[in-house]
Amino acid sequence: MSALPNTPPNARAEADGTAPVPVPTRLLVHALVREDGTVDSGELYAVAGLLGMTDQQVRLCVKRLVAEGRFTHEGRGRKALLRAVADATGSITPNVAYVRHAYRQDHGLAAWDGVWHLFAFAIPESSRTSRDTLRDTLRHLGAAPVQSGLYVSANPIEELVEAQARHLDVAHAVTFLTSTDLRVGGVDDPPALAAALWPLDDIAARHDRLADLAQACLDRLARPERPTGPEQLAMAIQLAAAFTHAMEPDPLLPPELLPRPWPGTHARRLTAACWTALAEAGTHAPAGTPVPRLFVQYEDLLTSVPEHLT
């Protein structure tokens, strides 16, 4: 079998100092759950090997998942069949609306109106858990801390923040306001503010790694000798892990606030092209075999984005 991009040993990663996005063994098992709720152990071990995992890692992971009651185990070794007891957790598919908005931004269809959205809160130590949860929610929604108890977003996320605050019973302690002339210290230029408030270099580096992986997969899929089914599955799992790794910390700032060119635009275009190529290659699931849910999830995800945006 040919070596896959972004797997140990990785000459490219060693050359440019970029660490590959790790794929935990548990995530691999969940990613290989098929539409009928089963995981083929032979396929699992084959893909794990391509991702640099040992058989012992896989055995221990499966043992833990069975002990936790997440899967049942039928048979022995590589001929065994795992069956998900309930909906498998550990999904690595981002939110559909979030991804759709990203592609709209990439094509200039979600222009910024110049409004900053600010959230201030003063929640006492007695409600520390609620305070921490609200803070995590703001960060997850792409808001950045300005100072203690004050967060800012370039996107209108008030409705989501208020819903969480009410759920946590701290809505009375949260203040919502907007501004078109935000100044932090002596900085008031919007792109300069964005660069100061969000870790854009780190986010850009994540998108660069995603783009490198997607391009390497596209190059491999374009060769006359197509990758095997397990190789395609390994590509898909790596691509999904890298896409999530790049998108989760991305606040999806409006293009007006970002450096040009922005690596996220290029990475998302290549990711869409790579998933299309994987779907067209079609050897990740032999005829008559259920398709891994991961493929179905990503096909649904990209189908939700208008074709001209991908």
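The following conversation discusses a predicted model of a protein.

Q: What kind of model is this, and how are its residues numbered?
A: This is a predicted model, in which local features need pLDDT of at least 70 and side-chain atom pairs count only at pLDDT 80 or more, while totals for chains, interfaces and linings use all residues. Residues are numbered from 1 along each chain as its sequence is written, and side-chain values use heavy atoms, with hydrogens and water left out.

Q: What does the protein average in pLDDT?
A: The average pLDDT (the predictor's confidence in each residue, from 0 to 100) is 87, and 87% of the residues score at least 70. Over residues 1–19, however, the pLDDT is below 50.

Q: What is the strand order in the open sheet?
A: The order of the three strands (DSSP runs of E, at least two residues, numbered from the N terminus) is E1-E3-E2, with antiparallel pairing. Two strands pair if DSSP finds at least two bridges between them.

Q: Which strands are at the edges?
A: Strand E1 (38–40) and strand E2 (71–74) are the edge strands, as each pairs on one side only.

Q: How many bridges join E1 to E3?
A: Three bridges join E1 to strand E3 (residues 81–84). Val39 has Leu82 in E3 as its bridge partner.

Q: Turning to the nonpolar cores, how many residues has the largest?
A: The largest nonpolar core (buried Ala, Val, Leu, Ile, Met, Phe, Trp, Tyr and Cys residues joined through side-chain atoms within 4.5 Å) has 60 residues. Buried means under 20% relative accessible area, with a 1.4 Å probe and protein chains only.

Q: Which residues have the most contacts inside it?
A: They are Leu28, Leu44, Ile237 and Trp275.

Key:
Helices (H or I, at least four residues) and strands (E, at least two) are DSSP runs, numbered from the N terminus. Contact means heavy atoms within 4.5 Å. Buried means under 20% relative accessible area, exposed over 50%, partly exposed in between (1.4 Å probe, protein chains only).
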